[in-house]
Amino acid sequence: MRLVWKSLDKMRCFRKRSTIPFLGVLITCLLFLNLYMEDGYVLEEDKRPLRETSMHPSNTERYVHTFRDLTNFSGTINVTYRYLAGNPLPRKKYLTIGLSSVKRKRGNYLMETIKSIFDQSSYEELKEIVVVVHLADFDLAWCENLVQDISRKFAHHIIAGHLLVIHAPEEYYPSLDGLKRNYNDPEDRVRFRSKQNVDYAFLLNFCTNLSDFYMMLEDDVRCSRNFLTSLKKVVTSREGSYWVMLEFSKLGYIGKLYHSRDLPRLAHFLLMFYQEMPCDWLLIHFRDLLAQKDVIRFKPSLFQHMGYYSSYKGAENKLKDDDFEEDSIDIPDNPPASLYTNIHVFENYDATKAYSSVDEYFWGKPPSTGDFFVIVFNKSTKISKIKIVTGTDDRQNDILHHGALEVGEKLVGTKRGRQCSSYITLGEFKYGNIEVQDVDHKIAFDIECVRIVVTASQKEWLIIRSISMWTTQPPSQ
């Protein structure tokens with residue numbers, strides 16, 4: 001086993017600066033994952049409590065035990081956590097929000113972050129959320145003092161099951177001494193980021209069975225109002241499509257959403273490569289390994305970095321997400337639909353990208369009179385608002401210069417797919433855009449199709465940047 005660990009320890013997850021092609025590492029890791037996940041191979045020795053083998057371990061023994069835990073990627077890591085505040089939940093929730101926090105040399109924003117999560121959530125939203133705080137510092141006196149403050153200020157949330165505070169004992173950590181000096185980072189920097197990877201791994205491991213989805217935040221973040229409602233809209237819009245990680249902030253490890261079923265694998269992955277690179281680099285490789293090649297990030301961002309001092313040495317950190325909006329979050333519903341167009345599509349800028357809430361768009365060659373772009377809903381829908389934007393900031397002339405917006409009913413099958421046989425015009429595009437309010441009051445029928453019609457040929461190409469639909473909510477939920 002020691003020879004296996006020694007061989008594993010030679011793996012390197014370098015980026016562009018590495019002299020070893022990362023593709024080889026990815027393939028090796030993927031084969032490793034498949035071997036143990038598909039065969040379900042678990043050593044009997046893995047079932048022993050970790051505490052039994054870590055009372056007086058040498059560094060080698062600690063490495064070997066960590067490796068043994070990694071042999072069952074579909075299961076949780078065997079760690080005994082301390083509950084510092086709160087108790088095990090009686091039922092699964094919709095979303096777990098995970099925070100890992102350590103003692104900072106300058107500034108501490110954890111209390112503000114927790115407060116922002118609760119203040120920006122409605123009573124109904126709080127029923128579907130649990131916040132898990134991992135106090136990951138080895139200074140137990142600091143942990144105890146902080147948990148006393150948390151318990152005083154958020155007692156009712158702890159009692160209601162909205163907040164848990166946990167600690168993973170130091171004896172469960174792999175060695176943090178003599179780590180590899182990748183990227184010419186100083187020794188203390190390598191130790192800090194390596195420990196942070198393990199902190200996150202243990203947090204993810206704890207949260208595996210608490211909810212359907214898991215959101216990673218940092219401990220110096222503020223939230224947009226009713227972020228859960230916005231997040232749920234996005235998740236609903238992605239039903240039927242494959243994803244590993246959805247991003248609701250472009251910064252660090254903030255606002256990254258996972259299916260809870262993927263947490264064991266991610267926890268093992270972070271622990272396996274804990275000394276190789278920072279966590280926000282590792283998560284990109286994890287996403288790639290599970291076959292999500294592209295970033296799926298949503299705008300506006302739901303979370304903002306607010307800390308002024310970094311948790312590493314108290315260095316200044318002024319990073320801000322310029323896509324963040326604290327108020328006026330109005331993410332469209334965009335009910336499931338199929339999209340068709342007879343406009344010649346440029347490269348891979350296909351029709352579906354105009355309907356996505358991700359930052360992407362449709363791009364077609366110059367349209368002619370009568371050309372169309374049709375959205376056909378999977379089922380008839382009541383629509384309250386439609387907003388369509390064409391062109392981009394850097395291609396402001398690639399707009400729809402002359403066009404109309406129509407809604408239709410009575411679906412029929414055609415050679416080009418399903419389309420409606422009857423349409424009513426809602427309005428004309430002006431300067432490439434159109435927004436129609438109170439559609440459900442203007443249209444008597446449930447809508448089955450929405451169509452954009454080109455009413456005059458143009459020489460310019462056409463970018464449809466976004467098609468946004470808001471549905472009429474039922475009177476009672």
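Which residues does Met 469 touch, not counting residues up to four places away in sequence?

## Met 469 and its surroundings

In this predicted model, Met 469 touches Pro 332, Asp 333, Asn 334, Pro 335, Tyr 355, Ile 375, Phe 377, Ile 383, Lys 385, Ile 386 and Val 450, when residues up to four places away in sequence are not counted. Met 469 itself lies in strand β18, which covers residues 462–471. Its relative accessibility is 0%, and because buried means under 20%, Met 469 counts as buried.

One of these contacts shows how the folded chain brings separate stretches of sequence together. Met 469 and Pro 332 are 137 residues apart in sequence, yet their C-alpha atoms are 5.5 Å apart in space.

## Aromatic rings

A search of the whole structure for aromatic pairs finds 19 of them. In one of these pairs, the ring centres of Tyr 173 and Phe 202 are 5.1 Å apart and the ring planes stand at 85°, so the pair is edge-to-face. The two partners come from distant parts of the chain, 29 residues apart, with Tyr 173 in the loop between β4 (163–167) and α9 (187–206) and Phe 202 in helix α9. Both partners are shielded, since Tyr 173 is buried at 2% relative accessibility and Phe 202 is buried with a relative accessible area of 1%.

Elsewhere, Phe 346, Tyr 349, Tyr 361, Trp 363 and Trp 461 form one aromatic cluster. Rings also have charged partners in this model: Lys 195 lies over the face of Phe 138, at 4.9 Å from the ring centre, while the charged end of Lys 232 sits over the ring of Tyr 94, 4.9 Å from the centre of that ring.

## Strand β8 and its partners

Strand β8, made of residues 256–259, is covered on both faces, with Lys 256 and Tyr 258 buried on one side and Leu 257 and His 259 buried on the other. Strand β5 (residues 211–216) pairs with β8 in the antiparallel sense over 4 bridges, and Phe 213 stands opposite His 259 of β8. Strand β7 (residues 245–247) also runs antiparallel to β8 and is joined to it by 3 bridges; here Leu 246 has Leu 257 of β8 as its bridge partner.

Ser 211 gives a view of strand β5, where this residue has its place. Ser 211 is buried, with a relative accessible area of 0%, and a polar atom of its side chain lies 2.6 Å from the backbone oxygen of Phe 213. When neighbours within four places in sequence are left aside, Ser 211 is in contact with Lys 92, Lys 93, Tyr 94, Leu 95, Thr 96 and Ser 260. The list includes Tyr 94, whose ring has the charged end of Lys 232 over it.

## Helix α11 and the nonpolar cores

How many of the 10 residues in helix α11 are buried? In this helix, which spans residues 263–272, 10 of 10 residues are buried, and among them are Arg 265 and His 268 as well as Leu 266, Phe 269 and Leu 270. Leaving aside neighbours within four places in sequence, Leu 270 is in contact with Asn 197, Tyr 200, Ala 201, Leu 204, Tyr 253, Cys 279 and Leu 282.

Leu 270 also belongs to the largest nonpolar core, which has 47 residues and in which Val 132, Phe 202, Tyr 253 and Leu 270 are those with the most contacts. At least two residues of this core come from each of β3 (129–135), β4, α9, β5, α11 and α12 (279–289), and the largest share, 8 residues, is supplied by α9. Apart from this core lies another, of 46 residues, which includes Ile 129, Leu 146, Leu 163 and Met 215.

## Two residues with positive phi

Two residues deserve a separate look for their backbone angles. Glu 347 has a positive phi of about 50° although this residue is not a glycine; it lies in the loop between β10 (337–341) and α13 (352–355) and is exposed, with a relative accessible area of 61%. Lys 410, which is not a glycine either, has a positive phi of about 60°, and Lys 410 is found within strand β14, residues 403–414.

Terms used: Residues are numbered from 1 along each chain as its sequence is written. This is a predicted model: local features need pLDDT of at least 70, side-chain atom pairs count only at pLDDT 80 or more; totals for chains, interfaces and linings use all residues. Side-chain values use heavy atoms; hydrogens and water are left out. Rings of Phe, Tyr and Trp (its six-membered ring) pair if their centres lie within 6.5 Å; planes under 30 degrees apart count as stacked, over 60 as edge-to-face and the rest as tilted. Buried means under 20% relative accessible area, exposed over 50%, partly exposed in between (1.4 Å probe, protein chains only). A charge sits over a ring if NZ of Lys or CZ of Arg is within 6 Å of the ring centre and within 35 degrees of the ring normal. Two strands pair if DSSP finds at least two bridges between them. A nonpolar core is a set of buried Ala, Val, Leu, Ile, Met, Phe, Trp, Tyr and Cys residues joined through side-chain atoms within 4.5 Å. Contact means heavy atoms within 4.5 Å. A polar contact is a pair of N or O atoms within 3.5 Å; within protein, one must be able to donate a hydrogen and the other to accept it, and residues adjacent in sequence count only if both atoms are side-chain atoms.
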